Amino acid sequence: MATAQQIRLTVNGVQHEALVDVRTTLVDFLRGELCLTGTHVGCEHGVCGACTVLLNGSAVRSCLMLAVQADGADLMTVEGLAKADGGLHPIQEAFAEEHGLQCGFCTPGFLMSVYELLRQNANPSDEEIKDVLGGQLCRCTGYQSIMRSVRLAARKLREAGAQNQAQTASA
Ligand code: FES
Ligand code: FES
């Protein structure tokens, strides 16, 4: 029985091909093989959300998936959030400005979940934000600063969207 399998996948817009042990988890593959160590490993059983990445646009726990299950997928990790010039994404800016992190261990998972939320819902209610944050564990912040960060991130993204629309209309 084969213990290794060839996979191809795209991560943050870059194509990768690798021979992986069929028992390797997706998070171990991202961190160990691709050196994308921004995705963190906490509980390793789907509870804490530190390992959250986007798989074909949907947030998944990468500790609960095998790398071979991501064959052919389009993935985005926290490293994919920053702008090409290295500048912070508006969600990252908002977390920095509103102190949405202390030790930062949980932060990559929060950022990816919030990214998914705000792509689907530009103006979420507090209840909708709480619903998403409830799936991510933070031991440091008490969540109030994270709530403020998400509200600010939503506002920044709405303003950036309105600015882009105005520029397109005047072009
Ligand atoms: S490490 Fe994946 S959910 Fe905790
Ligand atoms: S900032 Fe430390 S666990 Fe969230």
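Which residue of E5 stands opposite Leu-54? In this predicted model, the partner turns out to be Met-76. That pairing belongs to a two-bridge antiparallel match between E3 and strand E5, the latter made of residues 74-76. E3 has another partner too: strand E3, residues 52-55, runs antiparallel to strand E4, residues 58-61, with four bridges between them. Here Thr-52 sits across from Arg-61 of E4. The E3–E4 hairpin leaves two residues between its strands, and Asn-56 adopts a positive phi near 50° there.

What about the faces of E3? In a regular strand, side chains alternate between the two faces of the sheet. In E3, Thr-52 and Leu-54 are on one side, Val-53 and Leu-55 are on the other, and all of them are buried, so both faces count as covered.

Turning to the helices, the largest nonpolar core takes in 24 residues, and Ile-91, Phe-95, Leu-133 and Val-150 have the most contacts inside it. Helix H2 (90-97), helix H3 (107-120), helix H4 (126-133) and helix H5 (144-170) each put in at least two residues. H3 is the top contributor to this core, giving seven. A separate core of 19 residues lies apart from this one, and its members include Leu-9, Leu-55, Met-65 and Val-68. Leu-55 thus turns up again here, as a member of that 19-residue core as well as a buried residue of E3.

H2 deserves a closer look. Its buried residues are Pro-90, Ile-91, Gln-92, Ala-94 and Phe-95, and the cover over them includes H3 and H5. Ile-91 shows how this plays out at the level of one side chain: setting aside neighbours within four places in sequence, Ile-91 touches Leu-111, Val-114, Tyr-115, Leu-118, Ala-153 and Leu-157. Just past the helix, H2 is followed by His-99, which has a positive phi near 55°.

Ser-113 is a polar residue to pick out in helix H3. Is Ser-113 buried or exposed? Its relative accessibility is 7%, which falls under the 20% cut-off, so Ser-113 counts as buried. Beyond its neighbours within four places in sequence, Ser-113 is in contact with Thr-52, Val-132 and Gln-136. Thr-52 is the residue of E3 already met opposite Arg-61, so the contact list of Ser-113 links helix H3 to that strand.

The largest pocket comes next, with a volume of about 160 Å³. Its lining consists of Gly-42, Cys-48, Ala-50, Cys-103, Phe-105, Cys-106, Leu-137, Cys-138, Arg-139 and Cys-140. By residue class, the lining breaks down into eight nonpolar, one polar and one charged.

One of the lining residues, Cys-138, is worth following further. Cys-138 sits in the loop between H4 and H5. With a relative accessible area of 11%, Cys-138 is under the 20% limit and therefore buried. Which residues does Cys-138 contact, once neighbours within four places in sequence are left out? They are Cys-106, Phe-110, Tyr-143 and Ile-146. Among these, Cys-106 also appears in the pocket lining. As for spacing, the C-alpha atoms of Cys-138 and Gly-109 are 9.9 Å apart, while the two residues are 29 residues apart along the chain.

Key:
Residues are numbered from 1 along each chain as its sequence is written. Chains are lettered from A and ligands numbered from 1 in the order in which they are written. This is a predicted model: local features need pLDDT of at least 70, side-chain atom pairs count only at pLDDT 80 or more; totals for chains, interfaces and linings use all residues. Side-chain values use heavy atoms; hydrogens and water are left out. A nonpolar core is a set of buried Ala, Val, Leu, Ile, Met, Phe, Trp, Tyr and Cys residues joined through side-chain atoms within 4.5 Å. Buried means under 20% relative accessible area, exposed over 50%, partly exposed in between (1.4 Å probe, protein chains only). Contact means heavy atoms within 4.5 Å. Two strands pair if DSSP finds at least two bridges between them. On a 1 Å grid over the protein atoms alone, a cavity is a set of points where a 1.4 Å probe fits but cannot get out, and a pocket is an open set with protein on both sides within 12 Å along at least five of seven lines; lining residues have an atom within 4 Å of a point. Grid points are joined across faces, edges and corners, and a volume is the space filled by probe spheres set on the points.
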